[in-house]
Amino acid sequence: MWVLLFCLVMASCQYSLLKSVQPDPASPIHGHNQIITYSRPIYFCVLCGLILLLDTGAKARHPPSYIVYGLKLFSPVFLQSARDYLIVFLYCFPAISLLGLFPQINTFCIYLLEQIDMLFFGGSAVSGITSAVYSVARSFLAAALLHAVCFSAVKEPWSTQHIPALFSAFCGLLVALSYHLSRQSSDPSVLMSFIQCRLLPKFLHQNLEESAADPLPKKMKDSVMDVLKWDLIVCAVVAVLSFAVSASTVFLSLRPFLSIVLFALAGAVGFVTHYLLPQLRKHHPWMWISHPILKNKEYHQREVRDVAHLMWFERLYVWLQCFEKYILYPALILNALTIDAFLISNHRRLGTHWDIFLMIIAGMKLLRTSFCNPVYQFINLSFTVIFFHFDYKDISESFLLDFFMVSILFSKLGDLLHKLQFVLTYVAPWQMAWGSSFHVFAQLFAIPHSAVLFFQTIATSIFSTPLSPFLGSVIFITSYVRPVKFWEKNYNTRRVDNSNTRLAVQIERDPGNDDNNLNSIFYEHLTRTLQESLCGDLVLGRWGNYSSGDCFILASDDLNAFVHLIEIGNGLVTFQLRGLEFRGTYCQQREVEAIMEGDEDDRGCCCCKPGHLPHLLSCNAAFHLRWLTWEITRTQYILEGYSILDNNAATMLQVFDLRRILIRYYIKSIIYYMVTSPKLLSWIKNESLLKSLQPFAKWHYIERDLAMFNINIDDDYVPCLQGITRASFCNVYLEWIQHCARKTQEPSKTLDSDEDSPLVTLSFALCTLGRRALGTAAHNMAIRTLFCSLDSFLYGLHALFKGDFRITARDEWVFADMDLLHKVVAPAIRMSLKLHQDQFTCPDEYEDPAVLYEAIQSFEKKVVICHEGDPAWRGAVLSNKEELLTLRHVVDEGADEYKVIMLHRSFLSFKVIKVNKECVRGLWAGQQQELIFLRNRNPERGSIQNNKQVLRNLINSSCDQPLGYPMYVSPLTTSYLGTHKQLKNVWGGPITLDRIRTWFWTKWVRMRKDCNARQQSGGNIEDVDGGGAPATGGNNAPSGGSQESSTEQPRKGGAQHGVSSCEGTQRTGRRKGRSQSVQAHSALSQRPPMLSSSGPILESRQTFLQTSTSVHELAQRLSESRLSLHTSATSLHSQPPPVTTTGHLSVRERAEALIRSSLGSSTSSTLSFLFGKRSFSSALVISGLSAAEGGNTSDTQSSSSVNIVMGPSARAASQATRHLSEPCEPTDATEQGQLRDRRPAEAVAETLGVVCRRASQEDMGLDDTASQQSVSDEQ
């Protein structure tokens, strides 16, 4: 009997090679599937091979046996039992194949390799068979390398006082490799593309056009480059630090105290980071509180105008994660590794190689999981410590192995809890959503089979298989195993536009004029936006807790996107976005309403409405939230996108007056584009073209095309002549032609624009052609009623808008240069639509030619106007253009209408809804079985009817086509952490060799400046202050000379020290050496007093200081001067060096010359003149140092910020009597008189009580001139 069954199984598998089973329940696609043909024979051969191997092992005389957690593995009894179970499983092969529990063989290989990488090596999900092989291969390679290093370290016993250096090197290598593997994507295609670009560029020449058109590959390559540069540095630092910590014997010396501290700290930090903070930020914390406790800034904003504000608790969340991932868990795992290695070196449990292998696998898995996503690590750790240290201490193998096994167990328990929530919510009798009569029957039939359902739930959790409702009912059946990606087919949407359709199809009909195809671009733009910000937003906690395979819904007024997180890495997230219909079915709208409506207003409790406590939900609302498979995690999630405004074109062009306005703007736009074209001169000088336009140059010429021109539409139509003449055209549009000509003509050239000019002739001809093309475009309509029939007018307008020009025989002259059509008429019809839209808000504004000209210029620069089938439309949307406009022809369910679509770049607000991932996988698997295997093609089948508790319609409609009907399905897209703009403010961006070199160079230059300044200030301060002569009033001399000298910096080429400021030689160019500083110092000291910071410069010879100025006015002016000086300091480096001239001038002449050469520095010079050198010039040391790197100007020399205080002071009196001592004595009476001229100003300053506080450089004993000299020496 057993042999007969075995033969039947073998025969069925062999028969499937001859004729494929159609349809196969495990086939993911309709029709013939070549892979499924070989699946059953391969499974049969693999199972038979396993049976033979187990039978051989069971009959071995001395098989090796290992005892782990009390279980005796690989014993003869164990192997024999496994063999018998496989034989029974093989006999059930036909029934299992009928139920579809065996996937096609490539799906099974992806699933098996993915589970090995995730459960044993700490990897994440994979994207295909190549990705799976690559992930497992690199993990095995890393484990083999670590095994070789660790085996050499622990093969000999070692004591607690000395840790072998080789083991410390193993610890550093383990942490560095785990960190690097956690940072790399499982998809090798991007890395291989990057390597090809660097090493083999000649093989990529054929893909240059594709790469240039699509910015996505370049973004991914740049991100991979940044990750590799970061890892090159960080891995080396991590390896050295881990080596040093391990070699310090701290883990063995402080045990078990250190272990207890690390356990407690990890549990506390994990509880706060991954439970408390996410709960406080939820929309309904603990499903009892009616609003978030930690609210983001945009929570109460109805319209968001900027990016999301970075909150303090988001910064705290990021830093807690960094502390947990990069310090806490590595220290904890290194501690466990050191203790386990010490025990292994002294006592072997399973043999040296097996012990080392398990230790390496456990350490690598735990480290990679901690680096990638440590959300549930604190739960696993807490259970491990409590269970194995207190409850069952005797069965513990080692902490590292215990932690490893518990992490695997809890991952399966997490799947079990998700499945139980899905099943219980779906079958709950008080929220039934029967979609058909079969659902009513299945509800009663499923009650006695609850035990089978519970068994299926446990089995599917162990093998990570979906549990799907049969035909949407409450009867659940197990589906075949699938990877996290779920869909075997790499399906993504390809938008239909002019670049991938034939020209004949574009002309005869619009191949992509349905809303779904046209609106899919918005989901593609949303995908690009998420690629830039998703990983950073997840790290900031804006989506709550997340893990591999989680599903979210982004819901807004127009967009409803389904986001599937596939791979979670350290600094990267791979996701897939599925865009749902804008105007979905009735069932979809009901579920969207359930998402959008809030529970805050619910006041019920059972059957009554007693209300609820403040800030809490009612009992009914709290109960309702607990019986959903989805929850709102955030209500104000901000993304950059486009706000969509659509207007019905029929409404805006229904009246003849509105069509007249459109034609008027059309003609004016043609004239504008013609006159502003760079080919205008060649056109009006082209003899052959002008010869073709001779009829239009005659004043008696009349355009009498009654089918094209109409008195209701054309402003220049002459009723008595029944047409348009050159005179009527000039009467209306000549002023506009001449205005455009004046605006565009060059000063050296004059453009003739009078009535008889060729410019007017060409304008008249082009405008006539444009209007005739608009009429000819409606060739399938009644042409004679073109301007009377709105439908015909809209048809012709849309035809011209998309570029379908039908040129008649009389207008073939335009073919002399196709730019007349492409660069003049085509953009004119589009610009006229934009102007027509704006005239509703400002109807009379565009009557002025200047305003209209500026408006067209502005729209031409910032607004993209084109047809949606044009590839330029997609490129403009994906490149984030500010504003776009198009005319859309929509044919939907018998409705034929035209819409004007306007897009404005703005910030969109989304609700983030987290959906139970097992619910999504189960519903997807149910749809796949129902439509492919059972072939249920009923569009109103019960499995897609709305069910608000599980969002059944939204989830089922997001399936791959033809199972679902999403508008857009993105390819697998990877978002990197480095592209998030706000996170750079938290930790400063990636660490690269260039940034490290720049940082060290900056610190080195600053250190040299500081050291030179300190050395020079110690020896030169007395010389600079006094110049060898005693100071009369102390350190603060009443002169502003130091203000100028402190900012004069020498250029390259050395210093010239032999020039004195007393010499009257005249110099030009750049001033060099310390003598030039003294020269400027002396020149400014001869300056008469002036106190005017904002008024006009006085040209008279009178005294500049008004003694009648009140104390309040002077204080206000000085305060304004301080702000002005502070603002001007930012432009120190950008100002060119002036040409300075020094000569024998009178006191007042020199002062006036300085005033005219430094307009922006009059206030600061006055302050220095009034309040002395030391108090003001010492505040300009920094300005002088800055000027050393940039140019030296009079503005630079006087630009700084000062602090001014009011009030009497003894220092004011001393400042009034101080004098500046220069390095040389005055040589004439003029210079002697200058010192006397300064004293009235000092007296006024003393009377007003205005005191300038010393800068910090004065307290340090630094003189401004000495600081200047130190910088000069440095350069």
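How many of the 17 residues of α34 are buried? In this predicted model, 16 of them are buried, so α34 is largely enclosed by the rest of the structure. The exercises below start from this helix.

**Exercise 1. Check the length of helix α34 against its residue count.**

Step 1. Find the helix: α34 covers residues 917-933, which is 17 residues.
Step 2. Get the expected span. The rule is 1.5 Å times one less than the number of residues. For α34 this gives 24 Å.
Step 3. Compare. The end C-alpha atoms of α34 are 24 Å apart, which agrees.

**Exercise 2. Describe what happens at the start of α34 and just after it.**

Step 1. Look at the start. A side-chain oxygen of Asn916 comes to within 2.9 Å of the backbone nitrogen of Glu918.
Step 2. Move to the other end. Just after α34 sits Arg935, with a positive phi of about 55 degrees.

**Exercise 3. Decide whether Gln321 is buried or exposed, then list its partners.**

Step 1. Place the residue: Gln321 lies in helix α13, residues 312-346.
Step 2. Apply the cut-off. Buried means under 20% relative accessible area. Gln321 has 6% relative accessibility, so Gln321 counts as buried.
Step 3. List the contacts. Leaving out residues up to four places away in sequence, Gln321 touches Thr273, His274 and Val539.
Step 4. Pick out a polar one. The side chain of Gln321 reaches the backbone oxygen of Val539 at 2.7 Å.

**Exercise 4. Classify Phe271 and name the surface patch it belongs to.**

Step 1. Place the residue: Phe271 is in helix α12, residues 257-281.
Step 2. Classify. Partly exposed lies between 20% and 50%. Phe271 has 40% relative accessibility, so Phe271 counts as partly exposed.
Step 3. Name the patch. Phe271 joins Val272, Tyr275, Trp286, Trp288 and Ile293 in a nonpolar patch on the surface. Together they have about 530 Å² of accessible area.

**Exercise 5. Compare sequence and space for Val496 and Pro871.**

Step 1. Place Val496: this residue is in the loop between β4 (476-478) and α19 (503-508). At 30% relative accessibility, Val496 counts as partly exposed.
Step 2. Compare. Val496 and Pro871 are 375 residues apart in sequence, and their C-alpha atoms are 9.7 Å apart in space.
Step 3. Widen the view. Among contacts in the protein chain with a separation of 6 or more, 76% join residues 24 or more positions apart.

**Exercise 6. Summarise the whole chain.**

Step 1. Count elements: the protein chain has 49 helices and 18 strands.
Step 2. Check burial: of its 1275 residues, 54% count as buried.
Step 3. Add the surface. The accessible surface of the chain is about 57700 Å², and 60% of that belongs to carbon and sulfur atoms.

Terms used
Residues are numbered from 1 along each chain as its sequence is written. This is a predicted model: local features need pLDDT of at least 70, side-chain atom pairs count only at pLDDT 80 or more; totals for chains, interfaces and linings use all residues. Side-chain values use heavy atoms; hydrogens and water are left out. Helices (H or I, at least four residues) and strands (E, at least two) are DSSP runs, numbered from the N terminus. Buried means under 20% relative accessible area, exposed over 50%, partly exposed in between (1.4 Å probe, protein chains only). A polar contact is a pair of N or O atoms within 3.5 Å; within protein, one must be able to donate a hydrogen and the other to accept it, and residues adjacent in sequence count only if both atoms are side-chain atoms. Contact means heavy atoms within 4.5 Å. Patches are made of residues with over 30% relative accessible area and no salt bridge: like charges are joined within 9 Å, nonpolar side chains (Val, Leu, Ile, Met, Phe, Trp, Tyr) within 5 Å. Accessible areas come from the Shrake-Rupley method with a 1.4 Å probe; for residues, only the protein chains shown count as cover. A salt bridge is a side-chain nitrogen of Lys or Arg within 4 Å of a carboxyl oxygen of Asp or Glu.
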